[in-house]
Amino acid sequence: MRRDHAIVIGASIGGLLSARVLSEVYSKVTILERDSLPDGVQFRAGVPQGRQLHLLLMRGLLELEKLFPNLRDDMKALGGNELDLMNDCRYLFAAGWAEPQPSNYRSIIATRPLFDAAILGRIRQIANIEIQTRQDVTDLLFHGRQVVGVQVRNRDTGEQRDVAANLVVDAAGRPSKLPEWLEQHQFGRVKETIYKSDVGYATRMYTAPADWQGWPALFVMPMPPHIRHGATFLKVENDQWLLTIGGVGSQRPPTDNDEFEAWLARMRTPLVAEITQKFTPASQVYGYAKTENRWLHYEQLPVMPAGLIAIADSVCALNPIYGQGITNTTLSAQLLAKWLQREGVGSAPWALGFQKALARRNKSGWITTISEDSRLADTPTYKPLLPIRILQWYSDKVNMAAAGNRAATNAMVGAIHMIGSAASLFTPKVFLAAAKFFRSQPPSSVPTAPNK
């Protein structure tokens, strides 16, 4: 039985994917977005990290195509590059450059606006989804203890109105006002956990020379605490190249144009600086340091109001440096799709049950991320459990082995792209390759250029 109306707060990727799964259950889905939305591939102010690197992990692309079949074709039509992640990309691991090899590991390389445009294009094709822009959601509407809609203010005219709904989904991301609204309406304070990471990064766009024949993707991989900076240089749409460099603490990259170029020359490989000297800068340097991990524990509320849930970064926002954001958001939307098939959709027990299930899904990513972040801090406030510390030590050895062993390279790239499980790091071939480095530290120098 179709329900009447669902509202999604925010046209983030989490909001768009939530609307996609809600459209199969509700007769009408309305997305309320505070910004204007572009018609094509354009940056917008409401995505503060939009000019930074966004990796669409292979797992993320596969999961997105369960919601939008053949979405990669849309991305390629907009200018995205589909690459063999093992053969087209060059990886500098702790001990050197990995040997390229053909594989079936594939994903799309592009900017965040292109990913947004491809997903938004599919959403605009769904007849029962309406997107209303320039709309600020200012509060929730209640009937007793049940959410029955939202209060909305038009950002251009100042007009205020009430919009009724059977279900409200908060997908506003980090700026979400939901904790304040719930406390104001006597549902208690939402517990918040924040783990700060001591990492920042900076991005600049470049144009390649007409005769450039180099690789379409280059990754200089960190291995904290021994190697505390990294770089990613990718060919994106419109024949542009996106360079993102990241560092920890005092090694954070600068945003001054000249200092940015000088910082490149001090990296553990001179290759990135040598390449960019042949390229033409196509933008200023954009910095980003809002990388703390934040979890709002709706699952711990005594009761979640009927007619209301929160999802994606509105609940659990992870340090974006690991590139898991789009993938985790897609998996959260798929979880919502499963819960929409349960009895009692929209009831208070259903809403709290969903938040508990979402918390269980978020837990592994949260622990992995803050465990890695603990290796970046000079004085970490979180100490991983012993099994995780052992896994970190062992994965460092796989990182070192990856430069000269294909099984180790496959395992590392698969782990980065969330393909398979941690068990893939412990196959006999990978273990034997890693064992050679059990007593070793990363070398002080590496080859200056990757294998062809």
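Which residues of strand β14 are buried on one side, and which on the other? In this predicted model, β14 spans residues 217-220 and is covered on both faces. Ala217 and Phe219 are buried on one side, while Leu218 and Val220 are buried on the other. This division follows a general pattern, because side chains in a regular strand alternate between the two faces of the sheet.

The neighbours of β14 may be considered next. Strand β4, residues 89-93, runs parallel to β14 and is joined to it by four bridges. Within this pairing, Leu92 has Val220 of β14 as its bridge partner. Strand β15, residues 229-235, pairs with β14 in the antiparallel sense, again over four bridges. Here the bridge partner of Leu218 is Phe233 in β15.

Helix α7, which covers residues 271-278, belongs to the same part of the account, since β14 and β15 are among the elements that cover its buried residues. Those buried residues are Leu271, Val272, Ala273, Ile275 and Thr276. The cover over them also includes β5 (96-97), β13 (199-207), β16 (240-248) and α6 (257-265).

From these elements the description passes to the nonpolar interior. In soluble globular proteins, nonpolar side chains tend to be buried together. The largest nonpolar core in this model holds 80 residues, of which Leu22, Met75, Val150 and Tyr298 touch the most other members. Helix α9, residues 348-374, supplies the largest share of this core, with nine residues. A second core, separate from this one, consists of 32 residues, including Leu234, Val236, Leu242 and Ala402. The surroundings of Val150 can be listed in detail. Leaving aside residues up to four places away in sequence, Val150 touches Ile7, Ile9, Leu32, Val137, Leu140, Leu141, Val163 and Val168, and also Asp139, Arg161 and Asp162.

Burial also extends to a polar residue of helix α8. Gln334 lies in this helix, which spans residues 325-339. With a relative accessible area of 16%, Gln334 falls under the 20% limit and therefore counts as buried. Apart from residues up to four places away in sequence, its contacts are Glu63, Lys66 and Leu67.

Charged side chains form a further set of links. In the whole structure, a search finds 25 salt bridges. One of them joins Glu33 to Arg44, with the closest N and O atoms 3.3 Å apart. Both residues lie in the loop between β2 (26-32) and α2 (58-67), and they are 11 residues apart. Glu33 is buried, because its relative accessibility is 6%, and Arg44 is also buried, at 18%. The two residues belong to a network of salt bridges that also links Arg34, Asp35, Asp136, Arg153 and Arg155.

Two other salt bridges may be set beside this one. Glu82 pairs with Lys76, the closest N and O atoms being 2.9 Å apart; Lys76 is partly exposed, with a relative accessible area of 35%. Glu292 pairs with Arg174, and in this case the closest N and O atoms are 3.9 Å apart. Glu292 lies in the loop between β18 (286-288) and β19 (293-296), whereas Arg174 lies in the loop between β11 (167-170) and α5 (178-184), so the salt bridge ties together parts that are 118 residues apart in sequence. Glu292 itself is buried, at 18% relative accessible area.

Two loop residues deserve attention for their backbone geometry. Asp239, in the loop between β15 and β16, has a phi value near 55 degrees, which is positive although the residue is not glycine. Ala312, in the loop between β20 (308-310) and β21 (316-317), likewise has a positive phi, near 60 degrees. Their surroundings can be contrasted: Asp239 is exposed, at 54% relative accessibility, whereas Ala312 is buried, with a relative accessible area of 11%.

The account ends at the surface. His143 is placed in strand β8, residues 135-143, and is exposed, with a relative accessible area of 63%. The C-alpha atoms of His143 and Ala306 are 9.9 Å apart in space, although the two residues are 163 residues apart in sequence. Elsewhere, Leu391, Phe426, Phe431 and Leu432 make up a nonpolar patch on the surface, with about 370 Å² of accessible area together. Leu432 is found in helix α12, residues 428-435, and counts as exposed because its relative accessibility is 58%.

How values were computed. Residues numbered from 1 in each chain as written. Predicted model: local features only at pLDDT ≥ 70, side-chain atom pairs only at ≥ 80, totals over all residues. Heavy atoms only, no water. Patch = residues over 30% accessible without salt bridge, like charges linked within 9 Å, V, L, I, M, F, W, Y side chains within 5 Å. Areas by Shrake-Rupley, 256 points an atom, 1.4 Å probe, with all protein chains shown as cover. Salt bridge = Lys/Arg side-chain N within 4 Å of Asp/Glu carboxyl O. Buried < 20%, exposed > 50% of the residue type's maximum accessible area, 1.4 Å probe, protein only. Pairing = 2+ DSSP bridges. Core = buried A, V, L, I, M, F, W, Y, C linked by side-chain atoms within 4.5 Å. Contact = heavy atoms within 4.5 Å.
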